[in-house]
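Thank you all for coming. I would like to take you through a few places in this model, beginning with one small contact and then moving on to the cores and cavities.

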Amino acid sequence: MACRTCLWLLGTTFFTCTVRLVVEGTEVGATQGSHPEPGVVGSNHSQAGGGHGSSISGIQIVTFKWHHVEAPYLIALWILVAGVSKMVVELNHNLTSVIPESALLIIIGWILGGIIYGADKMQTFTLTPTVFFFYLLPQVILDAGYFMPNKLFFSNMGAILVYAVIGTCWNAATVGLGLWGCWLGGAMGDIDIGLLQFLLFGSLIAAVDPVAVIAVFEEVHVNEVLFIMVFGESLLNDGVTVVLFNVFDAFVSLGGAEIDAVEIIKGIISFFVVAFGGSLVGIIFALLISLLTRCTKNIQIIEPGFIFILGYLSYLTAEMLSLSAILSIVFCGICCQKYINANMDERSVTTVRYVMKVLANGSETIIFVFLGISAIDPAVWVWNTGFILLTLLFIFVFRFIGVFLLTWILNKYRLVPLEFIDQVVMSYGGLRGAVAYGLVAMLDENKFKEKNLMVSTTLIVVYFTVMLQGITMKPLVTWLKVKRAAVTELTLAEKIQNRTFDHMLVAIEDISGQIGHNYMRDKWHNFEERWLCWFLMKPSARKSRDYIFNIFHQLNLKDAMSYVKEVRATHKVRESHDNLILQDIVPSVCLDMHEQDLTMRESEDFNAHHLLQQHLYRGRKQVLKHRYSRSHLETNRDENEVQEIFQRTMRSRLESFKSAKMGVAPAKKIQTKHQKKDKPQKVRGEGTFSPFLHVRPHSHPLIGNVMSLSTSLLGFETTSTATIFPLSFNLLLNLFLQIDQSQ
Amino acid sequence: SGSNFSTITVCRELHEMGFHVSHSQITRLYSRFTSLDKGENGTLSREDFQRIPELAINPLGDRIINAFFPEGEDQVNFRGFMRTLAHFRPIEDNEKNKDPTASEPLNSRTNKLLFAFQLYDLDRDDKISRDELLQVLRMMVGVNISDEQLGSIADRTIQEADQNGDNSISFNEFIKVLEKVDVEQKMSIRFLH
């Protein structure tokens with residue numbers, strides 16, 4: 001407790017000191033600004049505090065050179081303030097579990113804004129569109145793209161696109177037209193505005209914001225499909241938003257009279273150009289990054305830098321070509337992740353992942369704090385009850401209608417339909433955020449007489465969605481889940497059997513070679529393996545790309561020996577001494593039906609369930625569940641699981657081979673098997689076997705067994721380069737020979 | 001490559017078994033079968049299955065491979081392959097009311113549960129003994145659970161299911177304890193339409 005109070009005090013003192021410094025700095029800056037001193041910035045003038053002219057009376061030992069460092073100092077200071085705010089927010093975990101972080105940061109922004117306004121009588125610091133779009137947003141989106149669970153994303157791509165494109169257009173149109181209708185009806189009083197301006201406003205307020213969505217969904221853990229829907233939608237709708245914004249902006253400039261069919265068609269075409277062009281730019285940069293990382297074997301220290309710079313360049317390039325910058329950087333991140341993770345050194349990969357999170361987190365914090373500060377500026381406040389309330393109502397209601405309508409249509413085509421509760425969460429989770437604010441701040445005041453009204457409304461909408469909807473999201477979900485579930489506790493047998501079913505399904509899918517609709521996926525997979533991997537990955541990375549090979553590689557001498565020993569000795573399972581509990585991020589609210597059963601009273605029962613919950617292997621269906629999180633990096637605990645299972649399977653297969661060694665003469669069988677293959681790579685690999693075959697033809701059935709074991713271990717049909725790892729394998733072989741001889 | 005006439009015969013046989021699968025699906029599965037069949041003798045052995053890498057990292061991989069092979073045999077032909085896969089076909093609504101006198105299709109709820117039951121019951125004595133349950137549990141659980149803990153889980157599980165007090169789970173008890181589980185959905189793969 002004492003520690004916590006100390007931290008509080010420290011935080012607040014630090015806080016007030018920095019704020020005071022800022023305030024003083026701006027005051028000095030303001031007073032200095034009123035004295036026209038030519039060439040002050042960057043020069044080496046000594047400045048006395050009161051601007052006493054340029055005559056110096058003696059050597060100044062220490063001078064206060066504020067202007068010298070003003071710009072970078074302020075930037076650094078604001079980043080520091082944002083960081084400290086985050087610290088302050090994180091001090092109380094009970095608070096953060098009720099109110100999402102983003103809301104608390106906005107509140108801190110209000111406080112700071114109030115202080116600054118009180119000191120300066122005007123809001124010197126606001127979130128300007130330039131700073132936001134060029135310096136704060138790219139990192140957040142790059143982080144989203146880089147950590148995107150690709151398989152999930154692409155398998156739900158159709159639905160995501162429907163929501164992003166059609167949903168956003170629907171939202172924009174309905175909100176714009178609804179507001180226009182109400183304005184015509186007189187609900188908003190007398191404001192200088194027109195249909196086109198309403199449509200423009202609708203288009204910028206309609207888009208779901210990725211920053212806000214992530215911030216809120218951190219606390220509410222939903223199932224993966226739902227998450228990827230909302231998340232993917234928030235990322236991809238930028239294509240639509242940019243087009244609509246630019247089109248309506250141009251229309252407003254042209255004036256209503258100039259709009260005819262040609263212009264509208266041009267607008268529609270521009271959508272395709274912007275969207276696909278943006279994605280193409282991103283993909284090109286992804287290729288560049290992958291190629292670069294392929295060549296950096298000798299200068300690994302620079303590798304992480306390339307990722308960030310090229311990612312940023314993809315954003316700027318798309319922006320330069322008036323294409324969708326967010327789509328560009330998203331696809332850059334999505335397409336390059338696999339190749340750069342394979343090509344780069346492990347430490348570089350860790351660096352990239354961690355730095356990406358640091359930057360994204362920092363940016364997000366700054367964005368929310370500034371969203372709060374920007375509000376404390378009476379200059380932009382225009383209150384129009386009708387406009388504001390109607391906007392809030394419309395975005396809320398039309399979002400619900402839009403989502404339900406689209407889902408109803410989509411469910412007819414989906415393999416796994418989206419349920420009611422999912423739809424509710426999706427509608428309720430359509431948060432608006434800083435992107436809307438950035439767009440509205442970019443409007444030209446001369447063309448849009450009511451710009452301030454729109455700015456105020458946007459701010460209120462953002463606060464409403466982020467704070468109110470953010471806070472109430474979790475209770476809503478809990479209430480819905482509890483209401484829907486009405487579930488009796490699952491028995492142990494049911495739990496075990498459910499997991500068995502999972503594993504069974506996965507196995508049957510693998511045996512029958514089909515996972516969902518996969519003709520396209522197979523084609524893509526083949527194309528990728530033959531051309532892309534050859535082009536974009538380092539040769540050494542290609543070899544170890546296969547998951548299984550990776551694990552087999554990790555079979556070192558010690559493991560091999562322990563297998564061998566256990567084949568002879570009796571089985572003894574390693575005892576657990578203490579809780580080597582793999583850390584399980586227990587979600588606070590979880591829409592997965594069978595995960596948490598919190599009402600178990602009997603402790604023994606609870607223990608059994610708890611043990612099962614923690615230790616049952618998760619199986620591929622659940623392993624693929626990527627919890628995208630802004631602040632947590634996935635540790636590789638799945639590899640442990642996989643390695644355990646692999647070792648156990650190999651061990652048992654070894655046993656059965658050994659026990660079958662008596663009656664079988666498989667050596668002959670193997671030779672015919674090998675010769676029948678016509679894949680050139682496999683023939684290459686077999687070269688390493690033949691010496692053994694020749695030297696000891698039939699006298700050692702065990703070797704024959706080992707050979708067939710090896711072909712089953714290593715004759716995996718996945719990668720084209722079935723290069724066999726002679727070293728570890730020969731090791732294994734020698735050990736078997738030793739056992740055999742010793743018996 | 002699969003000659004057309006054999007796939008047509010198989011198709012007909014499967015239809016008679018109540019396994020209505022489209023011709024294109026059979027062709028696809030047949031090409032999968034032949035790609036697994038390295039010995040090219042029209043049958044699959046256990047090794048052919050073991051060559052699928054994902055099965056090596058599936059805790060129940062080897063058991064499921066076993067399920068493809070009828071009692072005591074070491075080879076399975078395409079017919080048998082399809083027979084086993086037939087268990088995983090979704091239950092169509094219109095089929096439920098079709099023909100009550102026809103023999104129960106392979107993908108009925110009971111048959112699906114029988115398939116699952118036989119994963120545990122290796123010695124085919126129609127009972128899942130404590131040892132058999134322990135074996136499967138051990139396969140599905142990490143190395144961090146001790147034998148005693150696992151044993152107690154197994155005991156509790158049997159307690160939940162066992163009704164006639166013989167300390168093992170018979171098939172009927174198995175069905176009863178899973179009556180609330182949506183087996184049709186959990187044991188179906190949609191491609192087998």
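Let me start with T43(B) and Q75(B), whose side chains are joined by a polar contact of 2.7 Å, a polar contact being a pair of N or O atoms within 3.5 Å, where within protein one must be able to donate a hydrogen and the other to accept it, and where residues adjacent in sequence count only if both atoms are side-chain atoms. Before going further, please keep in mind that this is a predicted model, in which local features need pLDDT of at least 70 and side-chain atom pairs count only at pLDDT 80 or more, while totals for chains, interfaces and linings use all residues. Residues are numbered from 1 along each chain as its sequence is written, chains are lettered from A and ligands numbered from 1 in the order in which they are written, and side-chain values use heavy atoms, with hydrogens and water left out.

T43(B) sits in strand β1 of chain B, residues 43-45; strands (E, at least two residues) and helices (H or I, at least four) are DSSP runs numbered from the N terminus. Leaving aside residues up to four places away in sequence, T43(B) touches F33(B), D37(B), D48(B), Q75(B), V76(B) and N77(B), contact meaning heavy atoms within 4.5 Å.

Turning to chain A, how many residues of helix α9 are buried? In α9, residues 210-217, eight of eight are buried, that is, under 20% relative accessible area with a 1.4 Å probe and protein chains only. At the N-terminal end of α9(A), D209(A) acts as a cap, with a side-chain oxygen 3.1 Å from the backbone nitrogen of V211(A).

F217(A), one of those buried residues, is also among the residues with the most contacts inside the largest nonpolar core, together with F132(A), L137(A) and Y163(A), and that core has 145 residues. Such a core is a set of buried Ala, Val, Leu, Ile, Met, Phe, Trp, Tyr and Cys residues joined through side-chain atoms within 4.5 Å. Helix α10 of chain A, residues 224-254, gives the most to this core, with 17 residues. A second, separate core of 66 residues includes F49(B), F81(B), L85(B) and I145(B). In soluble globular proteins, nonpolar side chains tend to be buried together.

Within the largest core, L137(A) touches F132(A), V211(A), Y315(A), I326(A) and V435(A), again not counting residues up to four places away in sequence.

Key:
Buried < 20%, exposed > 50% of the residue type's maximum accessible area, 1.4 Å probe, protein only.
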